[in-house]
Amino acid sequence: MYEIKVNTSKLKFGFANIKKAAEISIKNTLNTVAFLSRKNALQNINNDFNLRNNLTKKNIQVEKAENTSISNMFSSVGARDKISYMALHEEGGIKKSKTGNNILIAQTAARNGSNSNLVSKELYYHKINRFISFFR
């Protein structure tokens, strides 16, 4: 028969360290995932848009997880309000310019899936307008 001797004071100390280690590892995992998501978002922005400056890239930011209870820990990735124009570029739409003119922002589907080419000629506004007016 075997006999196991356990020092309960050391065992309690070990469990206290496990809880703290779990909190630290969860926080680090959340932060790592957030920063990897930011890296992927920046790659997608570079692939999908022709950027004139680094403002768009700088405004994709990470909110790190803090040392709180495990159930309340979170980290997030997102764009600040300064670059709300990105939604217009992704979804397409009409934007008012400073001079009051309407500017049509074409989404990727209007460019036949191309991220670098202009809107295909068969989808130009004046051709579509003629087509629509033909059926009116």
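**Figure 1. N31 and the residues it touches.** Leaving aside residues up to four places away in sequence, N31 touches K64, A65 and S75. This is a predicted model, so keep that in mind for every view here. N31 has its place in helix α1. Is N31 buried or exposed? With a relative accessibility of 11%, N31 counts as buried, because the cut-off for buried is under 20%.

**Figure 2. T29, a residue on the same helix as N31.** T29 sits in helix α1, which covers residues 8-48, and N31 is in helix α1 too. How much of T29 can be reached from outside? T29 has a relative accessible area of 47%, so it comes out as partly exposed. That label fits because exposed starts over 50% and buried means under 20%, with partly exposed in between. Now look for A65, one of the residues that N31 touches. Along the sequence, T29 and A65 are 36 residues apart. In space, their C-alpha atoms are 9.3 Å apart.

**Figure 3. N59, tucked into a loop.** Where do you find N59? Look in the loop between α2 (55-58) and β1 (60-63). N59 is buried, with just 3% relative accessible area. Its side chain has a polar atom 2.8 Å from the backbone oxygen of L55, and L55 belongs to the 55-58 stretch of α2. On the other side of the loop, β1 is where the model's confidence is highest in the chain, at a mean pLDDT of 90.

**Figure 4. Zooming out to the chain.** What order do the elements follow from the N terminus on? They run α-α-β-β-α-β-β-α, which gives four helices and four strands. The chain has 136 residues, and 15% of them count as buried; N31 and N59 are both buried. The chain exposes about 11,400 Å², and carbon and sulfur atoms supply 55% of that area. Take the contacts with a separation of 6 or more: residues 24 or more positions apart account for 36% of them.

**Figure 5. How confident is the prediction?** For the chain, pLDDT averages 76, and 65% of the residues score at least 70. Which element has the lowest confidence? That is strand β4, residues 102-105, with a mean of 66.

Notes
Residues numbered from 1 in each chain as written. Predicted model: local features only at pLDDT ≥ 70, side-chain atom pairs only at ≥ 80, totals over all residues. Heavy atoms only, no water. Helix = DSSP H or I, 4+ residues; strand = E, 2+ residues; numbered from the N terminus. Buried < 20%, exposed > 50% of the residue type's maximum accessible area, 1.4 Å probe, protein only. Polar contact = N/O pair within 3.5 Å; in protein donor to acceptor, adjacent residues only side chain to side chain. Contact = heavy atoms within 4.5 Å. Areas by Shrake-Rupley, 256 points an atom, 1.4 Å probe, with all protein chains shown as cover. pLDDT = per-residue confidence, 0-100.
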